[in-house]
Amino acid sequence: MRILFIGIQPSAPLKSVLLTSPYQVEFQTKISKSARIHPELIVFAGSNKTSLVQIEKLRKQHPLAWIAVVVSSRQLHDEAFYEVLLRLDTKDAVWLEETWELLFWPSLQQVGRTRSEQHELKALRSETKSLRGHVDALTSKSARLIERFEKNLDLALNVQRALLPQRHPEIPGVQILTKYLPSSGLGGDYYDIFEFGDKRRFGFLLA
């Protein structure tokens, strides 16, 4: 976890724990572009209205960081300050100066869970994008196979129609009508009506 304190110093016990922990910690007196770390948690002292407006700049520098603004009870009684604070959408939390250290560790855990969820969401989005690519590829391949199948089906239909008798022999006193309807456009059934060589006998074939 990378933590950046701006304009605020934790108490000696908390600072001691942080500096001996595996966390990367940096302290700044004001917002600076030259941060050594890319923080995941920023603790920012909102000392006045001007400093609150600077949080917009802070958010642009660190769009994924969780930002907690520390203010005093006295500042909350300042109507103009309170109004600016309420309108500030780029903050994630507001802590009171008198009690913020009590909220620090639970909030740190919350930030850790949020970061974990963000990584999982990113992985899911990547997986979804990959699956969509596979689905698109399968859809395209299926379309080509269907097109090829339809072409083959048309060819088979033409071959089958060519095999069926194109005309019937003329049999005195007999009228022949035929109708061929395969169940799926193509069938294995076959028929023929033919005349024997003596011109007196006729055959009917159903297969």
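# Reading the predicted chain

Guide: In this chain, 59% of the contacts with a separation of 6 or more are accounted for by residues 24 or more positions apart. The model is predicted, and what follows sets its computed values against the cut-offs behind the words.

Visitor: How many helices and strands does the chain have, and what pattern do they follow along the sequence?

Guide: The chain has five helices and seven strands, and along the sequence they come in the pattern β-α-β-β-α-β-α-α-β-α-β-β.

Visitor: What radius of gyration would a compact globule of 207 residues have, and what does this chain have?

Guide: The value for a compact globule of 207 residues would be near 17 Å, but the chain has a radius of gyration of 41 Å. Along the principal axes, the C-alpha atoms fill a box of roughly 120 × 40 × 30 Å.

Visitor: What share of the residues is buried, and what makes up the accessible surface?

Guide: Of the 207 residues in the chain, 29% are buried, while the accessible surface comes to about 14700 Å², with 55% of that area belonging to carbon and sulfur atoms.

Visitor: How far apart are the mean positions of the positive and negative charges?

Guide: The chain has 28 positive and 23 negative charges, and the mean positions of these two sets are 5 Å apart.

Visitor: How do you know that strands S1 and S2 pair?

Guide: Two strands pair if at least two bridges are found between them. Five bridges join S1 to S2 (residues 24-28), so the pair passes that cut-off, and the two strands run parallel. Within this pairing, isoleucine 6 has glutamine 28 in S2 as its bridge partner.

Visitor: What makes S1 a mostly covered strand?

Guide: Strand S1, which spans residues 2-6, has four of its five residues buried.

Visitor: And which strands pair with S3?

Guide: S1 pairs with S3 in the parallel sense over four bridges, and leucine 4 has isoleucine 42 in S3 as its bridge partner. S3 is also joined by five bridges to strand S4 (residues 66-71), again with the strands running parallel, and here alanine 45 stands opposite valine 70 in S4. Set against the cut-off of at least two bridges, both the S1 and the S4 partnerships of S3 therefore count as pairs.

Visitor: Why is S3 called mostly covered, and which of its residues point which way?

Guide: In strand S3 (residues 41-45), five of the five residues are buried. Leu41, Val43 and Ala45 point one way from the strand and Ile42 and Phe44 the other way, and all of these are buried.

Visitor: Why is serine 51 called buried?

Guide: Buried means under 20% relative accessible area, and serine 51, with a relative accessible area of 8%, therefore counts as buried. Serine 51 is found in helix H2 (residues 49-61), and, with neighbours within four places in sequence left aside, serine 51 is in contact with Phe44, Ala45 and Gly46.

Visitor: Why is glutamine 160 called buried?

Guide: Glutamine 160 has a relative accessible area of 11%, which is under the 20% limit, so the residue counts as buried. Glutamine 160 is found in helix H5, and its C-alpha atom is 8.6 Å from that of tyrosine 190, although the two are 30 residues apart in sequence.

Visitor: What makes lysine 141 partly exposed?

Guide: Lysine 141 has a relative accessible area of 48%, and, because buried means under 20% and exposed means over 50%, this value falls in between and the residue is called partly exposed. Lysine 141 is found in helix H5 (residues 100-163), and its C-alpha atom is separated by 49 Å from that of lysine 57, which is 84 residues apart from it along the chain.

Visitor: How do you know that glutamate 79 is exposed?

Guide: Its relative accessibility is 66%, and exposed means over 50%, so glutamate 79 counts as exposed. Glutamate 79 is found in helix H4 (residues 79-87), and the C-alpha atoms of glutamate 79 and isoleucine 6, which are 73 residues apart along the chain, are separated by 24 Å.

Methods: Residues numbered from 1 in each chain as written. Predicted model: local features only at pLDDT ≥ 70, side-chain atom pairs only at ≥ 80, totals over all residues. Heavy atoms only, no water. Rg over C-alpha atoms; globule rule 2.2 N^0.38 Å. Buried < 20%, exposed > 50% of the residue type's maximum accessible area, 1.4 Å probe, protein only. Contact = heavy atoms within 4.5 Å. Areas by Shrake-Rupley, 256 points an atom, 1.4 Å probe, with all protein chains shown as cover. Lys, Arg positive; Asp, Glu negative; His and termini not counted. Charge placed at Lys NZ, Arg CZ, Asp CG, Glu CD.
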